[in-house]
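Me: Could you take a close look at one part of this structure for me, namely how its strands are arranged, and then describe what lies around them and what space is left inside? I am in my first year, so please go through it step by step.

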Amino acid sequence: MIRLAVQSRLIPGDSLREKHETALQYGFDGIELSGFPMIDLAREAIRDKVPVSAMCSGHRGWFIDPDPAQIAACKEDVRTLLELGAELDAPLIIVPIYGRTHNLPPHCGTGRTREEDEALWLDGLRESTDHANQVGGRLLVEAINRFENSISVKVADAVRFAEWADSPQVKAMGDVFHMNIEEADMGASLEAAGETLAYLHLADNMRLEPGKGHLDFENVFHGLARRGYDGWASYECNLSGPAEEVLPLSVAFLRRVIERAATDAGSKATADEALAAVR
């Protein structure tokens, strides 16, 4: 069964231990670390033995930052986070950059061409993959929409980069908020990602908790069920009200969607087996 996590920033509590316990009370299976600096959060999780599903960025700079000093800072922090992630058995989520894109006016880009940005991104991904291989850390390449970056936009992009890394330590992930902008069929895109898909971010169409908007979660989880996905799906969203009120309702909503998708996938598999036996 798919496991549901929620970002630590969304849960009340004075410590990660308290947040984790509260998340379980709300109906989640775990928490994802979200905040800055991520290094401090990861060290707290290790110190207090708090299990986490993943670490969401939270480092300095970006792999294709306009400032070379920030690129170097990004690589340095990612190396440290891979080492901490190995201790936590939790992957680090990465993107080429957030908030700069060639798909908006020129001043919104990085000052380089798209080709130069991709080459720089691959350089950082290669260096980070090599370190992950050495220390046992893991990376998740995320796809985010065209208005927030120009390099890893669709799930197929994230899959391509993860496969380019050529390491079992590097996988791809999707985010249904971004996919709702970029993908014609979210379920089909997730299914097509195959075994390279190892994580998913959840939010409704306006970035609130699932169930508050019109995003087609039935399609999303049917695609995952057809793929046989049994990994983490984590809330990365804003909240429409107090966490203690809206999150348990949202989790209950998604549990029903997931159960229906699993039942439908099982029924189809049974029908296919019966048809094959007749033939």
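Reply: In this predicted model, 8 strands close into a barrel, and they follow one another in the order β1-β2-β3-β4-β5-β6-β7-β8 with parallel pairing. From one strand to the next, the twist averages 30 degrees.

To see one of these pairings in detail, begin with strand β1, which covers residues 3–7, and strand β2, which covers residues 30–34: the two run parallel and are joined by 3 bridges. Within this pair, Ala-5 stands opposite Gly-30, a residue of β2.

Helices can then be placed against the strands. Helix α2, made of residues 38–47, lies across β2 and β3, the latter spanning 52–56, and α2 runs at about 145 degrees to β2. Elsewhere, helix α5, made of residues 155–165, lies across β5 (139–142) and β6 (170–175), and its direction is at about 170 degrees to that of β6.

There remains the matter of empty space, which is revealed by rolling a probe the size of a water molecule over the atoms. The structure holds 1 cavity of 30 Å³ or more, and the volume of the largest cavity is about 30 Å³. Its lining is formed by Ile-64, Ile-97, Arg-100, Thr-101, His-102, Thr-110, Asp-117, Asn-149, Ser-150 and Ile-151. If you sort these lining residues by character, they divide into 5 polar, 3 nonpolar and 2 charged.

Note on methods:
Residues numbered from 1 in each chain as written. Predicted model: local features only at pLDDT ≥ 70, side-chain atom pairs only at ≥ 80, totals over all residues. Heavy atoms only, no water. Pairing = 2+ DSSP bridges. Helix = DSSP H or I, 4+ residues; strand = E, 2+ residues; numbered from the N terminus. Axes fitted to C-alpha atoms, helices over the stretch in contact; angles between N-to-C directions. Contact = heavy atoms within 4.5 Å. 1 Å grid on protein atoms, 1.4 Å probe; cavity = no way out; pocket = protein on both sides within 12 Å on 5 of 7 lines; lining within 4 Å. Points joined across faces, edges and corners; volume = space filled by probe spheres on them. Nonpolar A, V, L, I, M, F, W, Y, C, P; charged D, E, K, R; others polar.
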